[in-house]
Structure formats: C-alpha cells, structure tokens
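Colleague: I should like to learn how to read the packing, the strands and the chain contacts of a model. Might we take them in turn?

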Amino acid sequence: MTALGRGRPYLYLAPTLVVLGAFTYLPIARLVEMSLRAPGLGTSLGAWTGLGTYATLFHNPLFWRALGQTCTYVFISVPLTMALALGLALLLNQPLRGLGVFRTLYYTPVVMPTVAVAALALWLFNSNGGIVNYFLARLGVSPVPWLVSTTWVLPTLILVSIWKNLGYYMLIYLAALQALPLPLFDAARLDGAGPIARFFSITLPLLRPTTFFLSVVALIASFQVFDFVNLMTQGGPSNASNVLVYFAYQQGFSYLQLGMAAAVSLVMFALVLTLLGFVSWALNR
Amino acid sequence: MTPPALRFAGVGKRFGNTRVLEDFSLEIAEGEFFVLLGPSGCGKTTILRMTAGLESLSAGEIFLRGEPISRTPPERRDIAMVFQDYALYPHMTVYKNMAFGLRRHGVPHVEADARIRKTAGMLAIEHLLARRPHQLSGGQQQRVALGRAIVRDPSLYLMDEPLSNLDAQVRSTVRTEIKELQRRLGVTTLYVTHDQLEAMTLADRMAVLHEGVVQQIGPPIEIYRKPANEFVARFLATPRLNVFDGAIERDSGHLLVRTAIGVFRWAAPGLGAPPAGASVRVGLRPEEIKVAFASNAGVSQFPVELVELLGSQVLLFSHSGDDQLVTCTPADAVPAQPTSFAIEAAGCTVHLFDRGGGDALGHFVSA
C-alpha cells in the first residue's frame, strides 16, 4: 500500500476532526488554561495563578450550596422522570382505542419552546392567584408558596422540567416496549409468571439498553439545568434554586470572574463524567 | 371412569367477523401424542393458544383432566408450551431459562437444580447450561426450549411447529428425539404442524383441519389409507395428488371406474361402491400408481416431461389432457433415460370422491 493509501482513512476523518477540534477540544483546553490564570475581559488571559482559582472556589459556600442543590435536582428528577416515563409507556402500550391522542398529548410539551413553558409555569404556580393554588384552595388546601419559598422552589422547578421532558423519555420507552418480542411474554405466562413477575423478570431486563441510553441523556441534561432557573427564579429566593450552571453564569457574566466560571464548568464536567462511568458500570454489570 | 386428558367441547373462535374455528370437539387420551395438521390459517395454532390460555374462547369449553380451564389464566394452567421461534429468554442463561418456570411454581431450589440437571442430561445440553440463547445453534435452542417444557413436568405439552425453523438434517433428528422423549415421559402432547410428514411420523392420532373445520380425526395410517375427502387426500399426498374425472360402469357383473389415464376395476363386487352411471373424481397418490416402461400396443403411453430423482425413488411428471400426472417409482425400476411410461391399472390404489362436495365415496386397490 502506498503512503497515500495508508493515510487515506485519516484523510476522510480529517474534516470531522478539524471541526470537533476547533469547536470542542480546543475550547476545553482553553477553558483549562483560563481556570489556571486570571483572565480579564478582552483577549488577555492574565497571569498564571496555579490552582488558586480552585482554592477560592472550594472555599465559596455558595458553590457548595449550588452543587448540593444541583445534586438534589438531578437525583430526584432523573429517577422520577425515568419511572414516570416507563409507567406511562407501559400504559400507552396497551391495545386500546384513542391511545394515539394520549401519545400526542404527552409529547406536546417536548416540542413547546422552553420560554413558553416557563411563562406558563410562572402563571400556573403564581402564589397569589395562580391557577394551581386556586384549585388547591377549592379542595380546601391552603396556598402553597411555590416559587417564593426556599423549601418549595426546587421541587417546583423539578415538577416543571419533568412535565416538559416526560414525553421524550416516554416515547423512547414506548418504542422499545413495542419492539420486545411478544412470544417471550406468552412463554413467561405459561411458566407461571404474573404481570408483576413478567415486568421485573422480562420487561425490565430487556429494556436495559434503553434505560442506559435514557439515563445518560437525562443525567447530562439535568446536570446542565439552567433555562428554567434563569427564566423563572434567577437562582432565588435567596439562592435556594441556584444550581451549578447558573452559578457559573453568574460568576462569568455578572461578576466577570471568567477564571472562576471556567473552574466551575470543569468541576461539573468531571462530576458528570464520573457519574456516567458509574451508570455504565451499574447497568452493564 | 377417568376423564380424558384434554377435551374440547364445541369450541369456537371469532376475531371480529372472521370465523377462525367452528364447533371444534375432540378428546385426547392421557399420554397420547395428538397432532393438529392443516395449512396455514386453518385454525390449528388458535386451538393451541386457546388451550394455553393465550387466546380467549368465543364458544364452548376446554377441559383439562375433567376441569374446565377456559377461565383459568395461563399462569395457573399446568401446561408447558414449545414455541415456533423457541421464545427463550435472551437475557438468561440456559440454566436460568429452565429454572424460571420452576421458581415461579415454587419448586425448592435443591429440587429445581436436580430436575434441571436431569433434564439437561436427557437432552444432552448439560455443557450449554451456562450459555445464553444467542450463543446456541438453532438445534440447540430447540433442545433448550424442549428442556424448559420437560423440566416443568406439566400435565400437558403444547408444541407449535417446533421444527419449522430447523434445517432438514437437524429437523429429522429432533423429530425422532421428540417422539422418543414423549414415549418415555408419557405426557399428553398436542402438536401443531403444517408438515404432513411430521404429522404421520409423530402422531398417535391426528386431526386434519381446513378453514376452521375438522376434516378427519384418526390414526395417521387410517387417514392416509382412507382420507375422508378430497382435501385430506390432497394434503397428505407428496408431491401432489393426481385427480381425474371418472365414470362408474358395470362390465359383466364387475364394477369399474373409467378415467382418462386408465380403467380401474374392483376385485370383489364393490362393497359400498357408487352405483353404475355415477360420475366421480378419482384420486391416485404418486406412490400408489404402478408404472410400466415396456411399450405394449394398445396401452396409452405418457411422455416423460420431467424427472426428479429423490434417491431411492424417482418422480416422473407428465400430462393427461389438462391434468398433471405425477408418479413415484422405486429408482431401480426406472430405465436410465425414460421417455414415456404406461400405467398398470392392477395394483393401483384408487380413491373416489364426490364430484360436488369432495367427500370420499370409497377406496380400493384395483384388480
């Protein structure tokens, strides 16, 4: 084979590698550099500070609070979304009439713009005169301070994001369920397995690849929660809904601490990678 | 008196307006190997699925050892089924596939282990116990599927075309094994197939179905010798039944049937034969036709259009008018390159069918 022939595969890979390098890997390297220096505005990267920025970051109680709140958000919203999506998919996988309508209804929020959903949620969950509290009042429940209480704000954000994203996870689970071979379930019934045993012994294990894919997608997406926070609460009240990405955004674009913002982003990056490694290990055991 | 192992009483099935099965009644004795034979869409698989509980009944009742079962969910019927595509649990090892049903039925761990190992030994799949289904060949998967049924020790086996996904060589081996195992275990078996060879070789008794209606029930040899109608005769003929129009005539006291390919006579005064003058359909199986190759004057010759060598036997294809004529003859009786053949009426087995409904009117060996 000629030298050109041997190099040919790399030639084909080059366009992708160039684009990925320029817009992904190079910025990541730049981010690492930024976190180790004291960059100002403009093009100057400033003096080297070593790990000083990280030391400052780890001594900032707001960072730890944002990290804690992000984790709460992730570890409640991901399992809840997955479980609800699977439950819905199981319901919608029945041979009943009018299910197409329900499938469409559950998927509608996914295609709605986030800003519209946020505006709608602000109106629904308004503590004074919001429609949710109005109906709760008619049921005799006293008004809930949805977005204005430090206790309720995170659960409310979780609720809104689940409502927005559920349809996507449901649809993927539904597609996976419909691809499962039916004779297996017939065989399991004759082997004496009732509906619950069939679910845990056949359905759930066979859905494992789908569950893996969806947990990865959900973990990454929910760690990066930003839009609902920015649109609905700006991290408040008193930082009760401040999460890592919003914290980084504040550091970088409100306080112009670009080095700090870079450090936060990298810590988050490492956290997500570790978590994905764990999920991959747990589901492929 | 002990009730039959399995009894169908007036069982019917409709899917919407489509009638799949009509007034199906049958008794299967304890330990019997019963085969449902018919072309696809005849309702045989529906019968199996209704017995398993995977399909509801539209009419009638099914009794398992005297107990009505149509309202018992499949998980509580004491029935094991072997599926056409095996339906092995892909995420479980062979061992766990076999253990699943035992565990669900509350068999203690030690006993389950002993039963799995014994069954695996019987089927020669001990070395496969730790493997997953996708690591097995078709024949091995089939054995595991059988093992999963056998290990349960149920009161009834249902088998839905279990051999149809295997290649010819493996199929005949597994067929023999199934028959042998069923004899040894003595478990009542209901087996569905569209392959008449499988039905003939496996069945103690069989039923031939067509469009949801039972055509004939009986031991294979009886159905082969005396098909109840033209459909059954056609279905049990390989490669195909020769059918010609015929007329019953009386010649010096003897009854005979005259056809385009020859004249066939009753040896004795035809008992129960149609009256002279009746017009009938005459069916002859390829292997029931006697063929001669010496050209005798006055005997009609049929040009050989195609020769198929099956090994010990040879198929010769020809025509009589518009009707195709196929014969099956021992290979050593056929010359090297046959150009034409004649039919020796004497010794041919002849089946007579009603020209209207196709019901059998009589069967005889021509004199």
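**Cores, strands and contacts**

Modeller: In this predicted model, the largest nonpolar core has 101 residues, of which B:Val35, B:Met81, B:Leu158, B:Leu190 and B:Met206 touch the most other members. At least three residues of this core come from each of domain 1 (6-232) and domain 2 (234-365) of chain B. Another core, of 50 residues, lies apart from it and includes A:Leu154, A:Leu157, A:Tyr169 and A:Phe223.

Colleague: Leaving aside neighbours within four places in sequence, which residues is B:Val35 in contact with?

Modeller: In soluble globular proteins, nonpolar side chains tend to be buried together. With those neighbours set aside, the contacts of B:Val35 are B:Tyr191, B:Thr193, B:Ala199, B:Leu202, B:Ala203 and B:Met206.

Colleague: Along strand S13 of chain B, which side chains point to one face and which to the other?

Modeller: Side chains in a regular strand alternate between the two faces of the sheet. In S13 (residues 262-265) of chain B, B:Gly262 and B:Phe264 point to one face and are buried, whereas B:Val263 and B:Arg265 point to the other and are not. Strand S12 (residues 254-259) of chain B pairs with S13(B) in the antiparallel sense over four bridges, and B:Leu256 has B:Arg265 as its bridge partner. The hairpin joining S12(B) to S13(B) runs through two residues.

Colleague: How many residues of chain A are in contact with chain B?

Modeller: The size of an interface is often given as the accessible area lost when the parts come together. Here the description is by contacts: 15 residues of chain A meet 16 of chain B. Helix H8(A) supplies the largest share of the chain A side, six residues. By class, that side has nine nonpolar, three polar and three charged residues.

Terms used: Residues are numbered from 1 along each chain as its sequence is written. Chains are lettered from A and ligands numbered from 1 in the order in which they are written. This is a predicted model: local features need pLDDT of at least 70, side-chain atom pairs count only at pLDDT 80 or more; totals for chains, interfaces and linings use all residues. A residue is buried if 20 or more other C-beta atoms lie within 10 Å of its own, exposed if 12 or fewer, and partly exposed in between; C-beta atoms are placed from the backbone. Two strands pair if DSSP finds at least two bridges between them. Two residues are in contact if their C-beta atoms, placed from the backbone, lie within 7 Å. Ala, Val, Leu, Ile, Met, Phe, Trp, Tyr, Cys and Pro count as nonpolar, Asp, Glu, Lys and Arg as charged, and the others, Gly among them, as polar. A nonpolar core is a set of buried Ala, Val, Leu, Ile, Met, Phe, Trp, Tyr and Cys residues joined through C-beta atoms within 7 Å. Domain bounds come from an automatic or database domain assignment.
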